[in-house]
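Q: I am new to this structure and would love a close look at one part of it. Please take me through it slowly and explain the terms as they come up.

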Amino acid sequence: MTALTTSAQAGTYGSAINELAPVVGRSEIEIAAPPEVVWGVLTTLDRWPSWNPDVKSMSMLGELAAGSEFRWKAGPGTITSTILRVERPRLIAWTGKTLGIKAIHVYRLEPRNGKTFVRTEESYDGLLARLFRRPVQKTLDQALADGLRYLKAEAERRTAG
């Protein structure tokens, strides 16, 4: 993977996190649902609060496309995010800013025998991420694992129904 150091480069590559950031997290899960179902759950952004209890509010400005913005509340701050790249139904990447932290988040979906293997990775850069690296790392790791568990539960619920 390419290490990203500026948001301009992130816009160019659009599918890689900042490997040089002080906080980098990864998680993965297998979901018993086809990629199209998982993609639908993941990319219907305004519905996140209905299946992910960590997301308190969400507003999408525009359609699901590179350059579109969305604002959401998860944790103590409101996050302003910009979509970097969309490859239906395989990849979505965005940047986010909150409380002095600059994030890059990527989801990759891979079909596997009627199921979907999902990998997510995220990097945090900025003063808070550098000063409080350990607790921020712990929070990010937990958020990625929880987010995938919630995604799995919702996608499998929709597939069963």
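In which sense do strand β5 (residues 91-98) and strand β6 (residues 101-112) pair, and over how many bridges?

A: Happy to help! This is a predicted model, so local features need pLDDT of at least 70 and side-chain atom pairs count only at pLDDT 80 or more, while totals for chains, interfaces and linings use all residues. Residues are numbered from 1 along each chain as its sequence is written, and side-chain values use heavy atoms, with hydrogens and water left out.

Strands β5 and β6 pair in the antiparallel sense, over eight bridges. Here strands (E, at least two residues) and helices (H or I, at least four) are DSSP runs, numbered from the N terminus, and two strands pair if DSSP finds at least two bridges between them. Within this pairing, W94 stands opposite H105 in β6. The loop between β5 and β6 holds L99. L99 has a positive phi of about 45 degrees although it is not a glycine, and at 52% relative accessibility it counts as exposed (exposed means over 50% relative accessible area, buried under 20% and partly exposed in between, with a 1.4 Å probe and protein chains only).

Now step back to the sheet around this pair. Seven strands form an open, antiparallel sheet in the order β1-β7-β6-β5-β4-β3-β2. β1 (23-31) and β2 (55-61) stand at the edges with a single partner strand each, so one side of each has no neighbour in the sheet. On average, neighbouring strands of this sheet are turned by 20 degrees against each other, direction ignored (axes are lines fitted to C-alpha atoms, for helices over the stretch in contact, and angles run from 0 to 180 degrees between N-to-C directions).

Helix α2 (residues 35-43) packs on the sheet and touches β1, β4 (77-87), β5, β6 and β7 (115-125); the direction of α2 makes about 160 degrees with that of β6. Contact means heavy atoms within 4.5 Å. Helix α5 (residues 133-160) lies across β1, β6 and β7, at about 20 degrees to β1.

The loops on either side of the pair have their own details. P89, in the loop between β4 and β5, is joined to R88 by a cis peptide bond, with omega about -20 degrees. In the loop between β6 and β7 sits N113, which is exposed at 82% relative accessibility.

Back in β5, W94 leads us to the aromatic rings. Rings of Phe, Tyr and Trp (its six-membered ring) pair if their centres lie within 6.5 Å; planes under 30 degrees apart count as stacked, over 60 as edge-to-face and the rest as tilted. By this rule there are six aromatic pairs. One of them is tilted: W48 and W94, 5.6 Å centre to centre with 45 degrees between the planes. W48 lies in helix α3 (residues 48-51) and W94 in strand β5, so the pair ties together parts 46 residues apart in sequence. Both W48 and W94 are buried. Ring pairs link W48, F70, W72, W94 and Y107 into a cluster.

W48 also appears in the largest nonpolar core, a set of buried Ala, Val, Leu, Ile, Met, Phe, Trp, Tyr and Cys residues joined through side-chain atoms within 4.5 Å. Of its 25 residues, W48, V118 and L151 touch the most other members. Helix α2 gives the most to this core, with four residues.
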